[in-house]
Amino acid sequence: MPFAASIVLYAELRGLAHTLRPVPHYRPQLRLEELLFAGHLPSAVLQERLGRGGEHWYDALLVSVTRIHSTVPVVLAFVLWMRRRALFYRFAASMLVLSYAAALVFLLFPAAPPWAAAEARFLEGVSRIGTGLPSFSYLGQVSIYHFVDSNPYAAIPSLHGGYSFLVFLYVASVTRRSRWWWLATAAAGLYALAQAFAAVYTGNHYVVDLLAGDALAAGSMLAVGALWRRRGFPE
C-alpha cells in the first residue's frame, strides 16, 4: 500500500507540474532529434510509411502497448513481492526514484512531444495516433491517470522508455543465474523495444525522450543499488 500510494502521489505531482508550467518547450528536443537523425524525424518517417490510408489494426495494438507502460512495472513489483520480498523493496525504490526524478524534470523543463509540436506548427507529418482508438488491452484502460490531474506532455524523460527499460534491467538481473535467463531477458528486451517503437510511432515521444528515460532508469537502479550495498540491506 505505501508503494501504491507513492505511485499515485507521483501521478498527482506529474499533473501539478503541468499546472504550474503549462507552456512546454518545443525546439530543443526537436533540434536534437534532427541532429541525431541527420534532419529526419523518426515519428514522421514511421507515420509516413505505416500510417498511410487512415487507421490500421496495428494502430490499436501499438496504442495498447503505450497504455500499459505504467501497468507492467507494477505487475512485476507484485510478482517480486510474492516471490522475493527483499528484491521487491529494491525494485520499488528504483521505480520511485525514477518516477519522482521524472516529475521534477517535468516541472523544470516541460517539453512538448512530437504531436504537440506538430499542432503548434513546429514540424509537419506527425499526428497523435490513439485518440478515439479502441484498445486491445483491458489493462490499458485501468490507469491512475484517470483519477489525478493530467499532464498532456510529460515528454522528457519518457517513462514509456524509462519504465520498460527498468523492467528489462531487473528481469535480466533477477534471472541471470537461471536457465531461463536468455528467454526472460529476450522477452523483457522485446517489450522495451515495443514500447519505444510504439511511443515514437504514435507521436508521443522523440527518440531523445526515450534515451533520457533509459538513462534515468539506469541511473536510478545504480543509485539504489549503491545505497543498498552501503546500508547492507538484503537483496
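The questions and answers below go through the fold, the cores, one helix pair and some single residues of a predicted model.

In this predicted model, local features need pLDDT of at least 70, side-chain atom pairs count only at pLDDT 80 or more, and totals for chains, interfaces and linings use all residues. Residues are numbered from 1 along each chain as its sequence is written, and side-chain values use heavy atoms, with hydrogens and water left out.

User: How many helices and how many strands are there in the protein?
Analyst: Helices (H or I, at least four residues) and strands (E, at least two) are taken as DSSP runs, numbered from the N terminus. Read along the sequence, the pattern is α-α-α-α-α-α-α-α-α-α. The count is therefore ten helices and zero strands.

User: What radius of gyration does the protein have, beside that of a compact globule with 235 residues?
Analyst: The radius is taken over C-alpha atoms, and the globule rule is 2.2 Å times the number of residues to the power 0.38. For 235 residues a compact globule would come near 18 Å, and the protein agrees with this, at 18 Å.

User: Which helix gives the most residues to the largest nonpolar core?
Analyst: A nonpolar core is a set of buried Ala, Val, Leu, Ile, Met, Phe, Trp, Tyr and Cys residues joined through side-chain atoms within 4.5 Å, where buried means under 20% relative accessible area, exposed over 50% and partly exposed in between (1.4 Å probe, protein chains only). Of the 28 residues in the largest core, Phe3, Tyr10, Phe91, Met95 and Leu166 touch the most other members. Two or more residues come from each of helix 1 (2–20), helix 5 (71–83), helix 6 (85–108), helix 8 (159–174) and helix 10 (207–231). The most, ten residues, come from helix 6.

User: Which residues does Met95 touch, not counting those up to four places away in sequence?
Analyst: Contact means heavy atoms within 4.5 Å, and Met95 is one of the residues that touch the most other members of the largest core. With residues up to four places away not counted, Met95 touches Phe3, Ile7, Pro73, Val74, Tyr163 and Leu166.

User: At what angle do helix 1 and helix 6 pack, and how far apart are their axes?
Analyst: Axes are lines fitted to C-alpha atoms, for helices over the stretch in contact, and angles run from 0 to 180 degrees between N-to-C directions. The helix 1 side of the contact includes Phe3, Tyr10 and Leu20, and the helix 6 side includes Phe88, Met95 and Leu107. The angle is about 10° and the axes are 8 Å apart. Angles under 35 degrees count as roughly parallel, over 145 as roughly antiparallel, 65 to 115 as roughly perpendicular and the rest as oblique, so helix 1 is, relative to helix 6, roughly parallel.

User: Is Thr66 of helix 4 buried or exposed?
Analyst: Thr66 lies in helix 4 (residues 57–67). Leaving aside neighbours within four places in sequence, Thr66 is in contact with His160, Gln195, Ala198, Ala199 and Thr202. With a relative accessible area of 9%, Thr66 is buried.

User: Is Ala38, with its positive phi, buried or exposed?
Analyst: Ala38 is found in the loop between helix 2 (27–36) and helix 3, and its phi is near 55°, a positive value in a residue other than glycine. Its relative accessibility is 66%, so Ala38 counts as exposed.

User: Which residues does a cis peptide bond join?
Analyst: Pro157 lies in the loop between helix 7 (114–119) and helix 8. With omega at about -5°, the cis bond joins Ile156 and Pro157.
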